[in-house]
Amino acid sequence: MKKSKFLIFIVALAVIFLIGPFIIIIVSSFNETAVMKFPPKGFSLQWYQKVFSVDMFKTTFWISLKIGFFATIIALVIGIPVAYLNVRYKYRGKNIVELIFSSPAIIPGLVIGFALLRYFIYVAQVPITVGLFLGHTAILFPYTVRVVSASLRNFDLSVEEAAVSLGSSPIGAFFRVVFPNIQAGVVAAFILAFITSFNNVPISLFLTGPGVSTLPIQMLVYMEYYYDPTISALSSIIIVLTVLIVQAAEKVLGISKYM
Amino acid sequence: MNPLKSKKTLLLLAGPGFIFLLIFFFLPLLYVLIESFQSDVGQFTLRRYYDVISDAQFKLVFIRTLRMALIVTPIAVIVGYPCAYFISKLSAKKKSILTTIIILPLMTSPVARTYAWIVILGKFGIVNATLTALNIFAEPTRLLYTEGAIIVGLLQLFMPILILTVSSSLENVNSEVEEAALSLGSNRIGVFFRVVVPLSFEGLIMGITLVFTGCFTAYVTPAILGGANVLTLSTLMREQALVLMNWEAATVIAVLMIITTLIIYNGIRAFKPRNM
């Protein structure tokens, strides 16, 4: 079908609107002055130096990395069986089970963070890092279920049945026949869930304490006190890293089809 | 899909996830919910709800949040739907390239994404620089910390969600159906509205639901682009909880946010056509 010029115009406009800001922030991070001016004046790497000299950025970067890694692993461990259950079987009350498992994606993140703070930190006196880990795991869980389910749907389950009828145990068949075939989906789920955790603000917002916070929250705190291109520089680093990861994941795994 | 024969399999597969969510998700939410209906001495009361709902600032913020969601959603549909249609017609390779570009706002840190708008809309930003250079404004105007700034930021975040949901539902629309309608004398616009839109209606409804509820509960965008001047429900809740230490009010706002989200979620999805 021929594409009309009008359609191309709208798409071009949307693309400029969606990614133009990223280009502008990267250009502005090389500004020489502390005033956030665009187009920028001169060329300087001083804001990049400053990013690496702020200790709290380093500390919270590692916390974000660790929380993201462990929360994603646990979300996968409890999420893969649920995805398998929902793709493989039909049973009574399936709608309700699916609703229960997707509810962390429906309830606003801010409310989840607030509830965890009230209940776990104040009532149960759990350390903040543990609260962060639990909250992140809860919101990543529906994510891993969805991505792994998408991958399982593309796998012909009769292959698994063949393995079982040839004498393999159901668990053995899962690990030797099913899992190797959905590996790409599991890796895609890992990447998407990890990025989601690494970027999360609403949950982490309430779960901060002395010396414990995540990188996005630390960036918000920094912005309240300083108005200079340091955040532009840090944002540019994060944007470039994200683009590289998403590009690589798209090339190897075709990640966009799992979104 | 096979029928599930034993309860044991169900428990084995869903059990760990269910127990996790029960303890670390539903229990805290239930605690907050019960707390919101309790007076200081532990008796049932609606007093807290009454106090929050009758507050003039709350009403203002609630209506503002709703209004912004009502503005962002149709714009996201009007611009996003044609984009989704365009994407669905591309070859696999081009589709992959354009999709990775469009999902970029979803994948990057919300703080980084939103901060870009501070650079653009700021006093010395590109928009103000252009407007003053063209003599439209004598001096830089305030664009940041306004409802308009939040709307722009929300659009950048939610348009990709609409595009993704609709384009995946358009995959199922067969080009031959369109061509059949064309050859039977319908014009291009007629085909679009009478063939393409109805066939992707379910995806469109899903997209609208996600965009609307997302706008209603977004936090980072209004926090950075609205600041303390233009509060939305989520930034108001955060202010009550972490700045004013008014836990009661924050709890009530949290519950009201859940209720409103669920009403919107189910309300829009009720439009789902049956057996189309």
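Visitor: Which residue takes a positive phi just after helix 11 of chain A?
Guide: In this predicted model, helix 11 of chain A covers residues 230–253, and the positive phi, of about 65°, belongs to the residue that comes just after that helix. That residue is Gly254(A).

Visitor: What distance does helix 11 of chain A reach from its first C-alpha to its last?
Guide: Helix 11 of chain A has 24 residues, for which a span of 34 Å is expected at 1.5 Å a residue. The helix in the model comes close to that expectation, with a reach from first to last C-alpha of 34 Å.

Visitor: How many helices does the secondary structure of chain A have?
Guide: Read from the N terminus on, the elements of chain A run α-α-α-β-α-α-α-α-α-α-α-α. Beside the one strand in this chain, the count of helices comes to eleven.

Visitor: Which residue of chain B is the bridge partner of Tyr89(A)?
Guide: Strand 1 of chain A, residues 89–90, runs parallel to strand 1 of chain B, residues 2–3, and two bridges join them. Within that strand of chain B, the partner of Tyr89(A) is Asn2(B).

Visitor: Which element gives the largest share of the side of chain B that touches chain A?
Guide: The two chains meet through 67 residues of chain B and 68 residues of chain A. On the chain B side, the largest share amounts to 14 residues, and these come from helix 1 (residues 7–36).

Visitor: How many residues on the side of chain B that touches chain A are nonpolar?
Guide: Sorted by class, that side of chain B has three charged residues and 14 polar ones. The nonpolar residues there number 50.

Visitor: Which helix gives the largest share of the largest nonpolar core?
Guide: The largest nonpolar core has 150 residues, and those with the most contacts inside it include Phe114(A), Leu192(A), Phe158(B) and Ala254(B). From chain A, this core draws at least three residues from each of domain 1 (1–44) and domain 2 (54–258). Its largest share, 14 residues, comes from helix 8 (residues 147–170) of chain B.

Visitor: Which residues of chain A are in contact with Ala254(B), leaving aside its neighbours within four places in sequence?
Guide: Ala254(B) is among the residues with the most contacts inside the largest nonpolar core. With sequence neighbours within four places left aside, its contacts in chain B are Val32(B) and Met237(B), while those in chain A are Val111(A) and Phe114(A).

Notes
Residues numbered from 1 in each chain as written. Chains lettered and ligands numbered in written order. Predicted model: local features only at pLDDT ≥ 70, side-chain atom pairs only at ≥ 80, totals over all residues. Contact = placed C-beta atoms within 7 Å. Helix = DSSP H or I, 4+ residues; strand = E, 2+ residues; numbered from the N terminus. Nonpolar A, V, L, I, M, F, W, Y, C, P; charged D, E, K, R; others polar. Pairing = 2+ DSSP bridges. Expected span 1.5 Å × (residues − 1). Core = buried A, V, L, I, M, F, W, Y, C linked by C-beta atoms within 7 Å. Buried ≥ 20, exposed ≤ 12 C-beta atoms within 10 Å, placed from the backbone. Domains from an automatic or database assignment.
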